[in-house]
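Student: I would like to learn how to read a model like this one. Can we go through it feature by feature?

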Amino acid sequence: MELIQQLVNGISLGSIYALIALGYTMVYGIVRLINFAHGDVFMIGSFVGFYAVTMLGVGFFPALLLAMAACAVLGVLIERIAYKPLRNATRIAVLITAIGVSLLIEYVMIYLRGAQPEAYPGALLPGGNIKLFGVVVSSQSLFILGTSLALMILLQFIVHRTKIGKAMRAVSHDAEAARLMGINVDNTISATFAVGSALAGAAGVIFGIYYTKIDPLMGILPGLKAFVAAVLGGIGIIPGAMVGGLLLGVIESLVSGLGYSLWRDGVAFVILILILIFRPAGLFGKNVREKV
Amino acid sequence: MATWKRTRGFWVSIILVFAFFAVVQWLIASGMLNIFYVNTLFFMAINVILAVSLHLIIGITGQFSIGHAGFFAVGAYASAIMTMKLQLPFAVGIAAAGVAAALAGLLIGVPSLRLKGDYLAIATLGFGEIVRIALLNIDYVGGASGMTVTHMTTWPWVFACLLATIVVIANFTNSTHGRACISIREDEIAADAMGINTTYYKVAAFAIGSFFAGIAGALYAHHFYIIQPSNFGFLKSFDILIFVVLGGLGSLSGAVVAAVLLTVVSTFLQNYPETRMIIYSLVLILVMLYRPKGLMGTKELTSLFKWRKAAQGGMNHDNKNTVA
């Protein structure tokens with residue numbers, strides 16, 4: 001039973017990773033950029049949710065929507081100011097800029113409000129535990145899982161059933177050809193950043209409810225792990241990010257369940273290096289030959 | 001006299017270097033530099049070693065590594081174990097630090113055979129984190145509370161290590177091997193097609209760069225009395241990265257100047273850590289937006305002097321197209 005309990009915890013944690021990983025994978029798929037600032041967008045989302053609840057006194061869903069909207073705007077701003085001028089620059093220049101943006105968001109946040117952590121209000125979601133076949137599942141984690149799943153289904157709908165989703169897929173396939181076909185590539189890239197960042201914002205609010213403690217540097221580790229999840233599933237592949245996130249969450253919970261909780265953060269990076277060595281395209285990816 | 005003309009630069013630099021060493025040694029011995037300035041000076045030298053060693057990996061070989069603090073940590077702990085646990089002399093500690101870090105460099109260099117660009121960056125970042133988490137969990141080295149280390153770092157040691165780092169890496173860059181590394185930076189596929197063993201040179205650059213990062217770690221550990229895993233997080237890696245980026249990707253003297261300048265800046269901003277990080281991040285973004293090659297580009301400081309250029313002819317890679 002202990003094992004199933006850990007599995008349930010792992011899936012809740014994994015759904016948070018999956019939500020962040022979706023943003024990474026979408027952005028990477030479309031502009032081939034590791035958006036290091038993504039974890040910090042997640043942090044901002046968490047704080048927007050926190051302030052919405054404590055200062056405006058709204059409930060869970062309005063807070064979630066507010067955080068998603070704020071993060072979408074932030075994501076587009078980051079893209080327009082920092083990444084767009086570097087569209088044709090070297091990979092190293094873009095990566096260094098992304099690191100710079102990440103540090104900037106973190107330390108501006110610390111500058112504005114200090115580095116002290118904040119405790120999320122607990123009574124946002126209905127409490128109580130549900131017993132299922134001898135396993136105690138908190139209704140909170142079911143709620144979290146439900147919200148994440150709903151968001152992922154919504155994303156699938158956007159990407160596969162709407163016009164902007166079609167444009168995203170076209171640009172990620174071949175930006176030049178898409179431009180020739182009359183697709184506004186810049187707007188499509190902005191839309192991708194908006195959607196990805198909104199998901200990260202939602203993940204931030206969910207994370208706050210699940211772990212109660214939030215602070216300005218909280219985005220770093222979940223951000224990196226979500227990247228690991230995206231690589232694990234195959235970067236650029238949306239279902240891959242979901243599966244990778246869930247898998248990583250479950251593995252981490254199992255590792256802590258076995259009594260190695262201090263090694264938990266290390267395991268994610270070991271998985272990353274192993275995946276990169278043995279299956280660099282990820283679990284769902286196909287190996288693409290390099291063109292000269 | 002022709003020999004004198006050719007070797008003039010060499011002898012002048014040797015005299016300048018030893019004069020600098022003697023002056024600082026005299027200032028420290030006579031107590032004219034107080035402890036604050038000595039600390040800053042040592043920290044400056046350690047940062048220069050780190051910057052130059054990362055410069056070899058990123059600037060010369062073009063391998064984007066952002067886990068340099070990991071090698072730094074390996075060196076610091078390896079040397080501390082040698083001197084504190086095994087009671088061996090400091091020299092052995094320094095050597096062990098270099099060797100241990102170089103082995104770690106080989107370890108991370110091997111996956112780098114298959115990885116490029118972003119993936120290598122994230123793998124090295126992961127490696128740095130693995131080192132930190134491992135140190136956090138090993139009780140032999142004190143876990144989170146760290147290790148206490150006696151103070152052994154003196155100016156002659158710091159200076160000797162600094163000089164060795166710069167001389168080795170500058171000579172490596174100007175050798176056949178260095179040319180091969182530069183060709184990998186410029187275009188790896190073309191270099192491979194020209195018969196350069198890219199794998200070998202990438203791993204070699206990693207090993208040499210991490211060797212010197214390890215030595216910097218030994219100096220650091222024996223100067224600051226205590227080492228903790230939290231000193232070696234990826235913020236430290238980013239600190240080192242910004243030296244190299246600001247100085248110019250591919251400029252050794254640029255890395256040195258940037259490391260010295262930024263150490264001074266961060267000493268003055270010690271009481272305002274957020275401001276320091278905000279400035280650092282803005283500098284990173286603005287330099288990349290407006291001057292993506294860094295302040296010095298691939299130019300060296302020496303190429304600013306005309307007579308050096310004339311004397312060295314084609315030897316100096318001072319123009320933009322490094323490998324023509």
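Tutor: Start with two side chains: B:D239 and B:R276 are both buried. Buried means under 20% relative accessible area, exposed means over 50%, and partly exposed lies in between (1.4 Å probe, protein chains only).

Student: What does B:D239 form with B:R276?

Tutor: A salt bridge, with the closest N and O atoms 3.8 Å apart. The pair links distant parts of the chain: B:D239 sits in helix 10 (residues 234-247) of chain B and B:R276 in helix 12 (residues 273-290) of chain B, 37 residues apart. The rule for a salt bridge is a side-chain nitrogen of Lys or Arg within 4 Å of a carboxyl oxygen of Asp or Glu. Helices are DSSP runs (H or I, at least four residues), as are strands (E, at least two), numbered from the N terminus.

Student: What ground rules apply to the model?

Tutor: This is a predicted model: local features need pLDDT of at least 70, side-chain atom pairs count only at pLDDT 80 or more, and totals for chains, interfaces and linings use all residues. Residues are numbered from 1 along each chain as its sequence is written, chains are lettered from A and ligands numbered from 1 in the order in which they are written, and side-chain values use heavy atoms, with hydrogens and water left out.

Student: How many salt bridges does a search of the whole structure find?

Tutor: It finds 14 over all chains. One of them joins A:E176 and A:R179 (3.7 Å, N to O). These two are about one helical turn apart, because they lie three residues apart in helix 7 (residues 175-180) of chain A. A:R179 is partly exposed, at 45% relative accessible area. In chain B, B:R185 pairs with B:E186, with closest N and O atoms 3.0 Å apart. B:E186 is partly exposed too, at 40%.

Student: Which residues are linked in a network of salt bridges?

Tutor: A:E79, A:R80, A:K84, A:R87 and A:D186.

Student: Now the interface. How is its size given?

Tutor: The size of an interface is often given as the accessible area lost when the parts come together. Buried area here is that loss (1.4 Å probe), summed over both parts. Between chain A and chain B it is about 3,700 Å², and carbon and sulfur atoms give 83% of it. In contacts, 42 residues of chain A meet 39 residues of chain B. Contact means heavy atoms within 4.5 Å.

Student: How many salt bridges does the rule find across the interface of chain A and chain B?

Tutor: Zero. Residue pairs in polar contact across the interface, both at pLDDT 80 or more, also number zero. A polar contact is a pair of N or O atoms within 3.5 Å; within protein, one must be able to donate a hydrogen and the other to accept it, and residues adjacent in sequence count only if both atoms are side-chain atoms.

Student: Which element gives the most to the side of chain A that touches chain B?

Tutor: Helix 4 of chain A, with 15 residues.

Student: Is A:S148 buried or exposed?

Tutor: A:S148 is buried, because its relative accessibility is 1%. A:S148 lies in helix 5 (residues 139-161) of chain A. Its side chain reaches the backbone oxygen of A:I144 at 2.7 Å.

Student: How confident is the prediction?

Tutor: The model scores ipTM 0.84 and pTM 0.87. pLDDT is the predictor's confidence in each residue, from 0 to 100. Chain B has a mean pLDDT of 86, and 91% of its residues reach 70 or more. Over residues 309-324 of chain B, pLDDT stays under 50.

Notes:
Buried area = accessible area lost by both parts, 1.4 Å probe.
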